[in-house]
Amino acid sequence: MSKPELRKKLASLSFSEKIKILEKLRQRSLAIAAAGLRSSKANRNPK
Amino acid sequence: MINRMQADGIIGKYAVGGAVGATFYLEPSATLDLDVFVKLPVAPGSSLLSLTPIYEYLTARGGRVEAGHIVIGDWPVQFLPSSNVLEREAIEEAMQTEVEGVTTWVMRAEHLVAIALRTGRAKDHARILQFLEQNAVDRHKLDGVLTRHALIPKWERFQSQYLKETNE
């Protein structure tokens, strides 16, 4: 499935289904932040 | 819980805005909090709007305060008292919908775009572009909202910054 098709498919989900995805995305963001992956990656690749 | 708070007269009408509101129309994208725009009842003889009754109501029912948000369930919720005519109109004209059987109200796409334009951060501009790319906004209705709320000059600057290539 192409990226535009995937976006269209996701946009057409019900609001309840989208909220469930938002909750998963939020938990993932919090887990990444808690693991310090963002900061350690930034430290390895200083601009 | 927000509907119960409304039924109990702590808040007036409300509407979900921000990234969660945008998700009603677009594909889901990561966000850390839920923005709820509210009309607050004003006490007789007072012109002050206070969020204290909301905090007191929710903390008494298990909500906890974290960094300016009230955590309800797993979600940090930010209650934003409507502070201008645009936000009041957005609340009044919000769409009724349901999340897992619970009735709620979400701002119309045109109001979400207009508020994002007025707020004007990079992430707001990115969201506006998403609405436009996905044809999730009625351009005629958007023109009406932008005109009513004196946002046309800002819209023109946005267009010239981000949509120049598509207009030529």
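1. Start with A90(B). Leaving out residues up to four places away in sequence, A90(B) touches A15(B), G17(B), F37(B), M107(B), H111(B) and I115(B). This is a predicted model, so please read every contact in this note as computed from it. A90(B) sits within the span of α4 (85-92) of chain B, and it turns up again in the core described next.

2. The core. The largest nonpolar core has 44 residues, and those touching the most other members are Y14(B), A15(B), V16(B), V36(B), A90(B) and V113(B). Two of these names, A90(B) and A15(B), are also a contact pair from my opening point. Helix α5 (residues 109-119) of chain B gives the largest share of the core, seven residues. Both domains of chain B take part: domain 1 (2-107) and domain 2 (112-167) each provide at least three residues.

3. How the two domains meet. The domain assignment splits chain B into domain 1 (2-107) and domain 2 (112-167). Their C-alpha centres are 24 Å apart, and the contact between them uses ten residues from domain 1 of chain B and ten residues from domain 2 of chain B. On the domain 1 side, α2 and α4 (85-92) of chain B each supply at least two residues. Of these, α4(B) gives the largest share, four residues. Sorted by class, that side of domain 1 has seven nonpolar, two polar and one charged residues.

4. Chain B overall. If you are counting elements, chain B has nine helices and seven strands. Its C-alpha trace spans about 55 × 35 × 30 Å along the principal axes. The radius of gyration is 17 Å, which agrees with the value near 15 Å for a compact globule of 168 residues. Buried residues come to 33% of the 168 residues in the chain. Take the contacts in chain B with a separation of 6 or more: 64% of them are between residues 24 or more positions apart.

5. Chain A. What does chain A consist of, in helices and strands? It has three helices and zero strands, and from the N terminus on the order is α-α-α. Buried residues make up 9% of its 47 residues.

6. Where the chains touch. The contact takes 13 residues from chain A and 14 residues from chain B. On the chain B side, the elements giving two or more residues are α2 (18-23) and β6 (95-99). That side divides into seven nonpolar, four polar and three charged residues. Note that α2 of chain B also appears in the domain contact, where it supplies at least two residues of the domain 1 side.

7. T31(B), a residue to look at on screen. You will find T31(B) in the loop between α2 and β2 (34-38) of chain B. Setting aside neighbours within four places in sequence, T31(B) is in contact with L22(A) and R26(A) from chain A, and with A19(B) and V20(B) from its own chain. Is T31(B) buried, exposed or partly exposed? It counts as partly exposed, because it has 18 C-beta neighbours inside 10 Å and the cut-off for buried is 20 or more. For a sense of distance, T31(B) and I91(B) are 60 residues apart in sequence and 21 Å apart in space, C-alpha to C-alpha.

8. The β6–β7 hairpin. β6(B) pairs with strand β7 (residues 102-106) of chain B in the antiparallel sense, over five bridges. Within the pairing, T97(B) stands opposite T104(B) in β7(B). Two residues lie between the strands of this hairpin, and E100(B) takes a positive phi near 50°. Remember that β6 (95-99) is also one of the elements giving two or more residues to the side of chain B that touches chain A.

9. Two more positive phi values to check. A67(B) is not a glycine, yet its phi is near 50°. This residue lies in the loop between β3 (64-66) and β4 (69-72) of chain B. N135(B), also not a glycine, has a positive phi of about 50°, and its place is the loop between α6 (122-133) and α7 (139-148) of chain B. Buried or exposed? A67(B) is exposed, because 8 other C-beta atoms lie within 10 Å. N135(B) is exposed too, with 8 other C-beta atoms within 10 Å.

Notes:
Residues are numbered from 1 along each chain as its sequence is written. Chains are lettered from A and ligands numbered from 1 in the order in which they are written. This is a predicted model: local features need pLDDT of at least 70, side-chain atom pairs count only at pLDDT 80 or more; totals for chains, interfaces and linings use all residues. Two residues are in contact if their C-beta atoms, placed from the backbone, lie within 7 Å. Ala, Val, Leu, Ile, Met, Phe, Trp, Tyr, Cys and Pro count as nonpolar, Asp, Glu, Lys and Arg as charged, and the others, Gly among them, as polar. A residue is buried if 20 or more other C-beta atoms lie within 10 Å of its own, exposed if 12 or fewer, and partly exposed in between; C-beta atoms are placed from the backbone. Domain bounds come from an automatic or database domain assignment. A nonpolar core is a set of buried Ala, Val, Leu, Ile, Met, Phe, Trp, Tyr and Cys residues joined through C-beta atoms within 7 Å. Two strands pair if DSSP finds at least two bridges between them. The radius of gyration is taken over C-alpha atoms; the globule rule is 2.2 Å times the number of residues to the power 0.38.
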